[in-house]
Amino acid sequence: MPRDKFKQILRFIRFDKRTERSRRLQTNKFALVSEIWDKFIENSQACYQPGQNITVDEQLFPTKARCKFIQYMPNKPNKFDIKFWLASDVSSKYVLNGFPYLGKDEQRPSSMLLSEHVVLKLVEPYTSCGRNITTDNFFTSMSLATKLLAKKTTLVGTIRGNKRELPKAAKQTKDNMPRFSTLLYKSGNCVLTIYKSKPNKRVAVLSSRHKFVKIDKSNKKMLPDTIQFYNKTKVGVDMTDQMARKYTVKSSSRRWPLQIFFNILNLAAINAWILYKEATGIQIQRKQFLFQLAEQLSTNYRAARQKNSSEHEDPQRSTATSSNTTYSNKRKICQVRLCHNNKTNNICEKCQKYVCGRCTHKKISTFICLKCTNNA
């Protein structure tokens with residue numbers, strides 16, 4: 001695609017109807033790109049069946065676009081981000097569900113915490129199947145574990161030390177615990193594991209999945225089952241976010257709908273790579289898959305462009321091509337473009353493109369451009 005056309009597309013691309021924009025923005029802050037996002041989530045859920053374990057966490061998409069719901073976090077490497085709540089499959093890192101954080105949600109019940117509302121909304125299509133949800137300390141609570149158990153879904157996650165449901169004894173034993181020791185508390189169907197991993201740090205994990213907690217005494221650190229299970233299943237969304245940042249299509253823009261569209265393309269490419277591997281059984285690197293995907297997506301455009309160029313081909317160029325000559329009476333700009341737009345009459349013998357002296361191979365007496373020489 002020509003560079004100028006690509007810039008023009010980025011300038012004028014929109015994802016909604018302008019006549020309905022003002023009306024939809026009154027009830028939906030995400031209206032400018034909500035249809036594209038909802039379609040992406042719908043297709044993602046229809047194409048994949050997740051495994052037993054699902055991770056719920058946040059994704060911070062860095063951008064400085066002008067947006068009403070942008071998050072400012074001075075402690076993060078990228079201080080300005082758009083926050084997304086995501087649910088990913090632990091084994092494959094496939095994005096199952098997600099929605100952006102837009103500030104205060106009027107649809108959320110006033111008695112329900114934001115963390116509980118996010119988790120219940122994300123895992124709603126995957127409950128009542130015996131799955132497990134892994135969360136961090138922002139989401140984990142006793143009430144959330146109880147609500148998920150009612151839907152035949154278990155919860156494993158770290159819990160903050162200032163939660164009301166924690167026993168007083170658990171809050172007062174921070175300094176008295178020896179290193180690599182474990183405390184266990186049980187209430188109903190939930191087990192609380194308190195493990196001291198460092199001299200001044202301890203970890204509290206709430207689990208409704210484990211009825212009995214075993215401690216691996218063969219290891220020096222003597223890790224409990226709940227800690228080991230949490231370490232294995234907590235990386236779903238973090239790995240997805242890391243992959244999206246490594247190979248991204250993001251470009252500079254001040255319009256937040258376009259920035260979110262870039263994030264959709266990144267996540268969709270990850271999902272497509274996972275589906276391709278599981279459907280074909282071929283183990284291919286994600287970088288190589290993205291190159292092949294780009295080639296296939298541009299096939300139709302390239303064919304149409306070649307057809308259009310052949311219909312409007314210059315007669316003088318056609319004569320030169322048909323006779324396989326290396327010289328033309330008409331002077332044109334070099335088509336190899338390894339120079340500064342030099343004008344020339346010479347034509348490459350192999351590709352039949354106009355080539356100047358700077359783009360011609362010096363060691364060959366005939367006119368053959370550098371690109372044809374390198375390909376040979």
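**A walk through the model, starting at a hairpin**

Begin with S3 and S4, which make a hairpin with five residues between them, and click on Lys93 in the turn, where phi is positive at about 65°. Keep in mind as you go that this is a predicted model.

Now select both strands of the hairpin. S3 covers residues 80-89, runs antiparallel to S4, and is joined to it by five bridges. For a spot to zoom in on, try Leu86, which stands opposite Gly98 in S4. Then show S4 by itself, residues 95-100: the strand is mostly covered, with six of its six residues buried.

Stay on S3 and pick Lys83. Its side chain meets that of Glu58 in a salt bridge, at 3.6 Å from N to O. This pair ties together distant parts of the chain, since Lys83 sits in strand S3 and Glu58 in strand S1 (residues 53-62), 25 residues apart. How covered are the two partners? Lys83 is buried, with 11% relative accessible area, while Glu58 is partly exposed at 25%.

Next stop: helix H2, residues 18-25. Select Glu20 and Arg23, which form a salt bridge whose closest N and O atoms are 3.9 Å apart. The two are three residues apart in the helix, so about one helical turn separates them. Glu20 is partly exposed at 30% relative accessibility, and Arg23 is exposed at 53%.

While you're in H2, add Arg24 and Glu35 to the selection. They form a salt bridge too, with 3.7 Å between the closest N and O atoms. Here the link goes from helix H2 to helix H3 (residues 34-47), with the partners eleven residues apart. Arg24 counts as buried at 17%, whereas Glu35 is partly exposed at 48%. If you want to hunt for others, the model has seven salt bridges in total.

Jump along to helix H5, residues 142-149. Which of its residues are buried? Colour Leu144, Ala145 and Leu148. They lie on the same side of H5, because they cover an arc of only 100° around the axis. Turn on their surroundings and you'll find what these buried residues pack against: helix H4 (114-122) and the strands S5 (132-135), S6 (154-158), S8 (190-198) and S9 (201-207).

Finish back at the start of the chain. Select Met1, Phe6 and Ile9, a nonpolar patch on the surface with about 290 Å² of accessible area together. Phe6 belongs to helix H1, residues 3-12, and is partly exposed, at 44% relative accessible area.

How values were computed
Residues numbered from 1 in each chain as written. Predicted model: local features only at pLDDT ≥ 70, side-chain atom pairs only at ≥ 80, totals over all residues. Heavy atoms only, no water. Patch = residues over 30% accessible without salt bridge, like charges linked within 9 Å, V, L, I, M, F, W, Y side chains within 5 Å. Areas by Shrake-Rupley, 256 points an atom, 1.4 Å probe, with all protein chains shown as cover. Salt bridge = Lys/Arg side-chain N within 4 Å of Asp/Glu carboxyl O. Helix = DSSP H or I, 4+ residues; strand = E, 2+ residues; numbered from the N terminus. Buried < 20%, exposed > 50% of the residue type's maximum accessible area, 1.4 Å probe, protein only. Arc of directions from axis to C-beta. Contact = heavy atoms within 4.5 Å. Pairing = 2+ DSSP bridges.
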